[in-house]
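Open the model in your viewer with the side chains available, and follow the stops below in order. Each stop says what to select and then what is to be found there.

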Amino acid sequence: MKLGIMQPYFLPYIGYFQLINAVDKYVIYDNIQYTKKGWINRNRILVEGKDAYITIPLEKGSDFSDIYERKISPSFDRKKLKKQIEGAYKKAFRFDAIYPVIEKIIDFENDNLFEFNFNSIQKICGFLEIKTEFIISSTLSIDHSLKAQNKVLAICESIKTTTYINPIGGIELYEKDKFAMNGVELKFLKTHPIEYQQFGNEFIPFLSMLDVMMFNSKEDIQKMLDEYTLL
């Protein structure tokens, strides 16, 4: 049984969905510390040929709060964000098919950051017909005070994992020998270079999945989901 584990990012890039698609079960963290300046409440889209941030404003909270404890600010202007996305992608090849999906994501009426992001990830997976089973981390019977590799190993044991797949960025954080001692094969997912037409401008990689969806058919994206190597 193949397992992936990640935080709930806001409209993450295609590599995030490659990982979901590559595994049988996907644990999504709700009880892990929120990190500033990451991708939990912001991402990048294409605006007039350049990358630009879109952000979910949050209520003030402790720097030590878990993701599920963070709330979206009442100042979050959903209509403004939708207009920003519409202005950026109105002339995109797939705008008419994709914008209604994005509208439903942004209009989701829940001020909990975890619930908002989790819903968006589920909606995109549904659109792309990704069938992977999601598990919310706090529902697992493990010692939730564990950190880093030890926490991942505990999750693997809880779910009876045979193969754990992590994004390539974590290659220095985990030890294959330690996983092997616990009966788990450790693999790292490396996304292949992916390019597509973006209004004829110089291609800007690693933007939100929203960008990929605006310029590519569902069938082409489904092929892109397999464009990676496991190391």
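The tour below goes through a predicted model, from a helix to the nonpolar cores, the aromatic rings and a few loop residues.

**Helix 3**

Begin by selecting residues 95-106, which make up helix 3. With 12 residues at 1.5 Å a residue, this helix should span 16 Å, and its end C-alpha atoms are indeed 16 Å apart, so the expected and the computed span agree. Next, colour Phe-95, Ile-98, Tyr-99, Val-101, Ile-102, Ile-105 and Ile-106, which are the buried residues to look at in helix 3. Because these residues cover an arc of only 165° around the axis, they lie on the same side of helix 3. As background, an α-helix has 3.6 residues a turn, so residues three or four places apart point the same way. Turning to the other side of helix 3, you will find Asp-96 and Lys-104, both exposed. To see what the buried residues of helix 3 pack against, add helix 2 (78-89), helix 4 (113-128) and helix 7 (209-215) to the selection.

**The nonpolar cores**

Keep those helices displayed and select the largest nonpolar core, a set of 63 residues in which Phe-17 and Tyr-89 have the most contacts. Among the elements that each supply at least two residues of this core are helix 1 (14-22), strand 2 (25-28), strand 3 (42-47) and helix 8 (218-224), together with helices 2, 3, 4 and 7. Which helix gives the largest share of this core? That share, nine residues, comes from helix 4.

Now centre the view on Tyr-89 and show its surroundings: leaving aside neighbours within four places in sequence, Tyr-89 is in contact with Ile-45, Leu-46, Phe-95, Phe-199, Leu-210, Asp-211, Met-214 and Phe-215. A second core, separate from the one just visited, has 19 residues, including Ile-5, Leu-140, Ile-142 and Leu-186.

**Aromatic rings**

Display the rings of the aromatic side chains, for which the count of pairs comes to 19. Select Tyr-9 and Tyr-16, whose ring centres are 5.7 Å apart and whose planes meet at 55°, so that this pair is tilted. Tyr-16 itself counts as buried, at 3% relative accessibility. Then move to Phe-199 and Phe-215, an edge-to-face pair with 4.9 Å from centre to centre and 85° between the planes. This pair links distant parts of the chain, since Phe-199 is in the loop between strand 7 (185-191) and helix 7 whereas Phe-215 is in helix 7, 16 residues apart. Are these two residues buried or partly exposed? Phe-199 is partly exposed, with a relative accessible area of 43%, while Phe-215 counts as buried at 9%. Check the backbone of Phe-199 as well, where phi is near 55°, a positive value in a residue other than glycine.

For a wider view, select Tyr-9, Tyr-16, Phe-17, Tyr-26, Phe-114, Phe-118 and Phe-134, which ring pairs link into a cluster.

**Charges over rings**

Select Arg-70 with Tyr-34: the charged end of Arg-70 sits over the ring of Tyr-34, 4.8 Å from its centre. Arg-70 is placed in the loop between strand 4 (50-55) and helix 2, and at 8% relative accessibility Arg-70 counts as buried. Besides Tyr-34, and not counting residues up to four places away in sequence, the residues that Arg-70 touches include Glu-59, Lys-60, Asp-111 and Leu-113. For another such arrangement, select Lys-218, the charged end of which sits over the ring of Phe-127, 4.8 Å from its centre.

**Loop residues**

Go next to Leu-11, in the loop between strand 1 (2-6) and helix 1, which counts as buried at 1% relative accessibility. Draw a distance from Leu-11 to Ser-208: these residues are 197 residues apart in sequence, yet 5.7 Å apart in space, C-alpha to C-alpha. Leu-11 also touches Ile-105 and Ile-124, among others.

Finish in the loop between helix 5 (148-159) and strand 6 (163-167), where Thr-161 is found. Thr-161 is buried, with a relative accessible area of 6%, and the residues it touches include Met-1, Leu-3 and Cys-156. Lys-160, found in the loop between helix 5 and strand 6, is exposed, with a relative accessible area of 63%, and its phi is near 60°, a positive value in a residue other than glycine.

Terms used:
Residues are numbered from 1 along each chain as its sequence is written. This is a predicted model: local features need pLDDT of at least 70, side-chain atom pairs count only at pLDDT 80 or more; totals for chains, interfaces and linings use all residues. Side-chain values use heavy atoms; hydrogens and water are left out. Helices (H or I, at least four residues) and strands (E, at least two) are DSSP runs, numbered from the N terminus. The expected span of a helix is 1.5 Å times one less than its number of residues. Buried means under 20% relative accessible area, exposed over 50%, partly exposed in between (1.4 Å probe, protein chains only). The arc is that of the directions from the helix axis to the C-beta atoms. Contact means heavy atoms within 4.5 Å. Rings of Phe, Tyr and Trp (its six-membered ring) pair if their centres lie within 6.5 Å; planes under 30 degrees apart count as stacked, over 60 as edge-to-face and the rest as tilted. A charge sits over a ring if NZ of Lys or CZ of Arg is within 6 Å of the ring centre and within 35 degrees of the ring normal. A nonpolar core is a set of buried Ala, Val, Leu, Ile, Met, Phe, Trp, Tyr and Cys residues joined through side-chain atoms within 4.5 Å.
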